[in-house]
Amino acid sequence: MSAVPAVPPAVSAEAPAEPASAGPGFSLSLLLVPPRPRTGWQLIPARVLAMCIVELQKLRHDRTELYTRAVQPALWLLIFGETFTRIHAIPTSGVPYLDFLAPGIIAQSAMFIAIFYGIQIIWERDAGVLTKLLVTPTPRTALVTGKAFAAGVKSVIQALVVIVFAAILGVGMTWNPLKLLGVVLVVVLGGAFFSCLSVTIAGIVLTRDRLMGIGQAITMPLFFSSSALYPVSIMPGWLQAVSRANPLSYQVDALRGLLLGSPAHLGTDIAVLVVAAVLGIVAASALLGRLAK
């Protein structure tokens, strides 16, 4: 008898063979069908998170800003802090002056990171990136909020550098995880406010040169009119009034309470920083379109 060759099974033209499985749970539909777009309450948080991640990705390509900006806080602590600790010129209620100064320098370094954030917005305008972002369905508030909280995260990285350096110098700080989370929250809120302040100024002056001049003109007054270097109680009356209107004072007060355990008004401090950040986002969002004209 001759062997009968096996006949391959017929393949229907209407039912093409599926590709081999690439693993458990693989589905070709994931490649062919786009995911369902987020709508409603999910839209704004998703866009904010996306913008924040995009901004933070830039740190992978250039970390020099974080390294160079760590020099100035280190000098403040090493020279100014150590000197005034020895001469006992500023009353700090029994706290070593270096300890008293460290939270103020943390707040200062975070502010310096954020206060020139508007320069990046102007650069994006000049490169055409901002115009492309504004024509997307992403609300302007989401764009600004994402950039603001990215600035806040950069400020946290800067603050960690200062905290490590202060610990090396012997500053007695708490390492309670909950209090350190509070420090992160305070620094993020402060960074968000000052970055929005920078974007707001950028929306008014429209050029990098003018923004640089105004930024340099307001950073030191903000720093010296806060409680970063000395207690509010020893300031003249008019400066005390300015200090109470300065968000940096509330940030410094909260950081001292969290890191040193000093008497502080944490509820008031955080509430003021939240309100300042929200108002900053609203103002920056309103002026963002002016930059693209």
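Here are a few friendly notes on this predicted model, covering a pocket, a pair of helices and one serine.

1. Start with the largest pocket, which holds about 600 Å³ of space. Its lining is made up of 23 residues, and those nearest the centre are Ser227, Val232, Asp253, Arg256 and Pro263. Try finding these five in the viewer before you go on.

2. Next, see which elements build that lining. Helix 11 (237-244), helix 12 (247-259) and helix 13 (266-291) each give two or more residues to the largest pocket. Helix 12 supplies the largest share, with five residues. By character, the lining of this pocket has 10 polar, nine nonpolar and four charged residues.

3. Helix 12 also has a partner, helix 9 (residues 177-205): their axes come within 9 Å and cross at roughly 170°. Angles over 145 degrees count as roughly antiparallel, so helix 9 is roughly antiparallel to helix 12.

4. What does each helix bring to this contact? From helix 9 the residues include Val183, Val186, Val187, Phe193 and Phe194, and from helix 12 they include Leu248, Ala254, Leu255, Leu258 and Leu259. The contact as a whole divides into 12 nonpolar residues, three polar and one charged.

5. Finally, look at Ser155, which sits in helix 8 (residues 140-168). Is Ser155 buried or exposed? Its relative accessible area is 0%, so Ser155 counts as buried, the cut-off being under 20%. Beyond its neighbours within four places in sequence, Ser155 is in contact with Ala110, Ile113, Ala114, Val187 and Gly191. You have met Val187 already, in the contact of helix 9 with helix 12.

Conventions
Residues are numbered from 1 along each chain as its sequence is written. This is a predicted model: local features need pLDDT of at least 70, side-chain atom pairs count only at pLDDT 80 or more; totals for chains, interfaces and linings use all residues. Side-chain values use heavy atoms; hydrogens and water are left out. On a 1 Å grid over the protein atoms alone, a cavity is a set of points where a 1.4 Å probe fits but cannot get out, and a pocket is an open set with protein on both sides within 12 Å along at least five of seven lines; lining residues have an atom within 4 Å of a point. Grid points are joined across faces, edges and corners, and a volume is the space filled by probe spheres set on the points. Helices (H or I, at least four residues) and strands (E, at least two) are DSSP runs, numbered from the N terminus. Ala, Val, Leu, Ile, Met, Phe, Trp, Tyr, Cys and Pro count as nonpolar, Asp, Glu, Lys and Arg as charged, and the others, Gly among them, as polar. Axes are lines fitted to C-alpha atoms, for helices over the stretch in contact, and angles run from 0 to 180 degrees between N-to-C directions. Angles under 35 degrees count as roughly parallel, over 145 as roughly antiparallel, 65 to 115 as roughly perpendicular and the rest as oblique. Contact means heavy atoms within 4.5 Å. Buried means under 20% relative accessible area, exposed over 50%, partly exposed in between (1.4 Å probe, protein chains only).
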